[in-house]
Amino acid sequence: MKKGQDTSGRIAIALVTLLSVCALAALRVPLRLPAAPVLQLPLAMPTGPAVELWLSTQDRRLRLARQPDIPISVSPATGAADIVIDTSRIFQSIVGFGAAMTDSSAWLIRNRLNSWQRLAFLREMFGPPPGLNLNLLRLTIGASDFSLQPYTLDDLPAGQVDAGLAHFNLAADLEYVIPTLREALAINPGLRLIATPWSAPAWMKSNDSLIGGTLLAQYESVYAQYLVKYVDAMRGQGIAIWALTVQNEPAFLPLTYPGMALPADARARIIGQYLGPALADRSTRPLIFGWDHNWDDPAQPLAVLGDADARRYLDGIAWHCYVGDPAAQSRVHRAWPRKDAYVTECSGGDWESAKNGELLWFARDLLLGSLRNWARGVVYWNLALDENHGPHHGGCDNCKGMVTIDSQSGVVSRNDEYYAFAHYSCFVLPGAVRVWSTDTGPDLHNVAFRNAEDGSLVLVVTNGAKTAHAVGVEQGQLHFQYTMPPESVATFTWNPDYATETWEQRARRLLEHALHPAGPDAAGDGEP
């Protein structure tokens, strides 16, 4: 046998062995937790350069399903394709994607999943691909509507005050939120936690209640210290808070769950005069995000950014999706281009507009739209809820979690929102940069990225039409064609550096990577 044939034979045997090991590992699924979608390796190597493709359809016939690879052709650039990608024009870097570990989500995970199910679930959500690869997690400081009862971290009998915060404590978080966080952090130590209060303690407020009212001016400095004490108390539990906001939805007064109005001038004073200075000298201070409310009122975050003291400490603006358009993010970015944008809350639900599914809305309107408008991260609302949209105390009666955990059996069902996020989080890795691509429309939309570690490109395309749509893509001298099914979402990935290698060269590279994977130790110093 010739030397080349012998080498090819050994490569083929090694690849088959590797695929067999992966397949056997995938069979180890805990009882009552349905197998998660798997980002499958191809069963045969393509004969030439190719684009890998994953597809989901609005009718749920396909959900993050691996499709046959698409051949790439190499020819001079024309600029005439439907989607032209220019990797020399870069925009924001991507921090990641995530959801909120509300009290309700943490309670379900700890009380409706056994220990093996819980570990499998957390690995699926926070583990690397083929896990969902979530790396942003929002926390509530005190109760939200998705808590089992209203509370803050310094509650007192009516008429009493605690200006020194002597009664501050994390007791309410110790039973299920903090233990679940520790398990998630053990799986992904790089999780970035964003913490947000829904209300100040009642004794700081104008109506002496957690529901409604506003913060009394005399307690603005105390409220800032309340947030600082939360950061310090969580650090004492071994949990680092990556970012803070000073108030959830400060322009909305809920009627059935904790909340409070906090106008722009008060937010500016709290950030500029109290919270910012209190955190400024720390070696690893939490970031401070402003606004934390809907797209429809960009004048609100602009007003706080217009305050020089507050602007000094603001690292970015947090947005919600319920009213308005993600173009508001670009309006603020144009005014203050060094301030980042994050979507920190958006929920799906069983409402009339969702009766035909929510895959397209979340993949296109939320994720694609906000990412094309400078978002560095996108966070869904509840990570998990039960089949009755809870447990919760007031507020939204028909919100959905990213997944549903059956309160009787513990079976986990993955909702449309899960798959919409997966089309991004499994492929667009932390540190990726958005690159320029043709602004298609009205039925076809797209956004493109280049991953930092290996230079691979990721293109997410949505087809909102009820008919198929042929798409041509050009990136430099590389070209490919694909026909998008009706109402579908596709993620395409390829590495332009490998686009002209033969299947044998690609096999050698994949085998080398499998036998000698690059990691933090091999790469040298990296971001913690």
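These legends go with a set of close-up views of one predicted model.

**View 1. The whole chain, before we zoom in.**
Let's start with the overall make-up of this predicted protein chain. Its secondary structure comes to 14 helices and 25 strands. The chain has 528 residues, and buried residues make up 54% of them. Among contacts with a separation of 6 or more, 73% are between residues 24 or more positions apart.

**View 2. The buried face of helix 5.**
Helix 5 covers residues 177–187, and its buried residues are Val-177, Ile-178, Thr-180, Leu-181, Ala-184 and Leu-185. Looking down the helix axis, you will find these buried residues within an arc of 160°, so they line one face of helix 5. What lies over them? The cover includes helix 2 (103–111), helix 3 (115–126) and helix 4 (171–174). Also part of the cover are strand 6 (136–141), strand 7 (192–197) and helix 6 (220–236).

**View 3. The largest nonpolar core, and a second one.**
The largest nonpolar core has 109 residues. Which residues have the most contacts inside it? They are Phe-97, Met-125, Phe-126, Met-204, Tyr-230, Leu-275 and Leu-366. Helix 6 gives the largest share of this core, with nine residues. A second core, separate from that one, has 24 residues, including Leu-457, Val-471, Val-473 and Phe-492.

**View 4. The neighbours of Phe-126.**
Here we focus on Phe-126, one of the residues with the most contacts inside the largest nonpolar core. Leaving aside residues up to four places away in sequence, Phe-126 touches Met-101, Leu-134, Leu-137, Ala-184, Ile-187, Asn-188, Leu-191 and Leu-383. One of these partners, Ala-184, is also among the buried residues of helix 5, so you can use View 2 to place Ala-184 on the buried face of that helix.

**View 5. Ile-241, a buried loop residue.**
Ile-241 sits in the loop between helix 6 and strand 9 (243–245). Is Ile-241 buried or exposed? Its relative accessibility is 5%, so Ile-241 counts as buried. Not counting residues up to four places away in sequence, Ile-241 touches Leu-139, Leu-193, Ala-195, Tyr-230, Val-231, Met-234 and Pro-286. Tyr-230 in that list is another of the residues with the most contacts inside the largest nonpolar core. For a sense of how the chain folds back here, look at Arg-192: 49 residues separate it from Ile-241 in sequence, and the two C-alpha atoms are 7.2 Å apart in space.

**View 6. Thr-404 in strand 18.**
Thr-404 belongs to strand 18 (residues 403–405). With a relative accessibility of 17%, Thr-404 counts as buried, because the cut-off for buried is under 20%. Beyond residues up to four places away in sequence, Thr-404 touches Leu-385, Asp-386, Glu-387, Val-411, Val-412, Ser-413 and Asn-415. Thr-404 and Leu-108 are 296 residues apart in sequence, while their C-alpha atoms are 9.7 Å apart in space.

**View 7. The second largest pocket.**
This pocket, the second largest, has a volume of about 350 Å³. How many residues line the second largest pocket? There are 18, and those nearest its centre are Ser-353, Ala-354, Gly-357, Glu-358 and Trp-361. Helix 11 (residues 359–371) provides the largest share of the lining, four residues. Sorted by class, the lining has eight nonpolar, six polar and four charged residues.

**View 8. Two cis peptide bonds.**
Take a look at the backbone before Pro-391 and Pro-442 in this view. Gly-390 and Pro-391 are joined by a cis peptide bond, with omega about 0°. Pro-391 is in the loop between strand 16 (384–385) and strand 17 (399–400). The peptide bond from Gly-441 to Pro-442 is cis too, and its omega is near 5°. Pro-442 is in the loop between strand 20 (433–437) and strand 21 (444–450).

**View 9. Positive phi at Trp-374 and Glu-487.**
Trp-374 is not a glycine, yet its phi is positive, at about 80°. You will find Trp-374 in the loop between helix 11 and strand 15 (375–382), and it is partly exposed, with a relative accessible area of 23%. Glu-487, also not a glycine, has a positive phi of about 45°. Glu-487 is in the loop between strand 24 (478–484) and strand 25 (488–494). Its relative accessible area is 23%, so Glu-487 is partly exposed.

Definitions and conventions
Residues numbered from 1 in each chain as written. Predicted model: local features only at pLDDT ≥ 70, side-chain atom pairs only at ≥ 80, totals over all residues. Heavy atoms only, no water. Buried < 20%, exposed > 50% of the residue type's maximum accessible area, 1.4 Å probe, protein only. Arc of directions from axis to C-beta. Contact = heavy atoms within 4.5 Å. 1 Å grid on protein atoms, 1.4 Å probe; cavity = no way out; pocket = protein on both sides within 12 Å on 5 of 7 lines; lining within 4 Å. Points joined across faces, edges and corners; volume = space filled by probe spheres on them. Nonpolar A, V, L, I, M, F, W, Y, C, P; charged D, E, K, R; others polar. Core = buried A, V, L, I, M, F, W, Y, C linked by side-chain atoms within 4.5 Å.
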